Amino acid sequence: MVYYNENGILIRDLQQSDAKIIAEEELAQGWDSSGKYEMRLKDQADGKSVNLVAEYNGNIAGYINVYPNSAWGAFANRGYPEIVDFGVLVKYRNNGIGSKLMDIAEQIAFSYSDVVYLGVGLHSGYGSAQRMYVKRGYIPDGSGVWYKDEICKQNASCCNDDDLVLYFSKCIR
């Protein structure tokens, strides 16, 4: 399904052929995402998620996933959709792709609930995402920092890696 097609940006459902391209592009920029997209495709086939890919002038440029009733994180199993694993490849950033992916993902999420949530990493690699979410009206959920899918207790040890996240939510009412 195509969700958007204007100004060189096409947003559509993730397809099997996209998984290898995204994984190779991410590896070229220093990210190892092997196996991740096959998992997303399986979740999509099982009806657990809506997975989107963005093309920019015909090239795979970004991706985002919506889990209508997420089973993990701060709002797990409460019927709230979660936006998961959102990214725009470095060479395509600053072209409006990320904003358009978020627009479509939020439209999908809000068709299920009036609340959507997401987790964002705390290290500097997530700095632009952190700023974008705040600008879009997301606020911390109040549960504190999570590490490896659990609330990180006060004074607990953790590592500032991709598993250290803060959950944010947004309500349309």
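Mentor: To begin with, buried means under 20% relative accessible area, exposed means over 50%, and partly exposed is in between (1.4 Å probe, protein chains only).

Trainee: Okay, and what sort of model is this?

Mentor: It is a predicted model, in which local features need pLDDT of at least 70 and side-chain atom pairs count only at pLDDT 80 or more, while totals for chains, interfaces and linings use all residues. Residues are numbered from 1 along each chain as its sequence is written, and side-chain values use heavy atoms, with hydrogens and water left out.

Trainee: Charges, then: how many salt bridges does the structure hold?

Mentor: There are 13 salt bridges in the structure, each one a side-chain nitrogen of Lys or Arg within 4 Å of a carboxyl oxygen of Asp or Glu. Take Arg 136 and Asp 103, whose side chains form such a bridge at 2.7 Å, N to O. Arg 136 sits in the loop between helix 4 (127-135) and strand 7 (139-147), whereas Asp 103 belongs to helix 3 (residues 97-110), so that this pair links distant parts of the chain, 33 residues apart. Helices (H or I, at least four residues) and strands (E, at least two) are DSSP runs, numbered from the N terminus.

Trainee: Is Asp 103 buried or partly exposed?

Mentor: Asp 103 counts as partly exposed, because its relative accessibility is 25%, whereas its partner Arg 136, at 17%, counts as buried.

Trainee: Which residues are in a network of salt bridges with Asp 103?

Mentor: Asp 103 is linked in that network with Lys 100, Glu 106, Arg 136 and Lys 170.

Trainee: And what about Glu 26, which residue does its side chain meet in a salt bridge?

Mentor: That is Lys 36, with a distance of 4.0 Å from N to O. Glu 26 lies in helix 1 (residues 16-28) and Lys 36 in helix 2 (residues 36-45), so the bridge ties together parts that are ten residues apart in sequence. Glu 26 has a relative accessibility of 1% and therefore counts as buried, while Lys 36, at 22%, counts as partly exposed.

Trainee: How far apart are the closest N and O atoms of Lys 42 and Asp 46?

Mentor: They are 2.7 Å apart in the salt bridge between these two residues, and Asp 46 is partly exposed, with a relative accessible area of 41%.

Trainee: Changing topic, how many aromatic pairs are there?

Mentor: The structure has eight, where rings of Phe, Tyr and Trp (its six-membered ring) pair if their centres lie within 6.5 Å, and planes under 30 degrees apart count as stacked, over 60 as edge-to-face and the rest as tilted. Among the pairs is the tilted one of Phe 75 and Tyr 117, with 4.9 Å centre to centre and 55° between the planes. Phe 75 is in the loop between strand 4 (59-67) and strand 5, and Tyr 117 is in strand 6 (residues 115-121), 42 residues away along the chain.

Trainee: Why does Phe 75 count as buried?

Mentor: Phe 75 counts as buried because its relative accessibility is 10%, and Tyr 117 is also buried, at 0%. Both belong to one aromatic cluster with Tyr 80, Trp 146 and Tyr 167.

Trainee: One more aromatic: where is Phe 86 found?

Mentor: Phe 86 is part of strand 5 (residues 82-88). Leaving aside neighbours within four places in sequence, Phe 86 is in contact (heavy atoms within 4.5 Å) with residues including Tyr 63, Leu 101 and Met 132.
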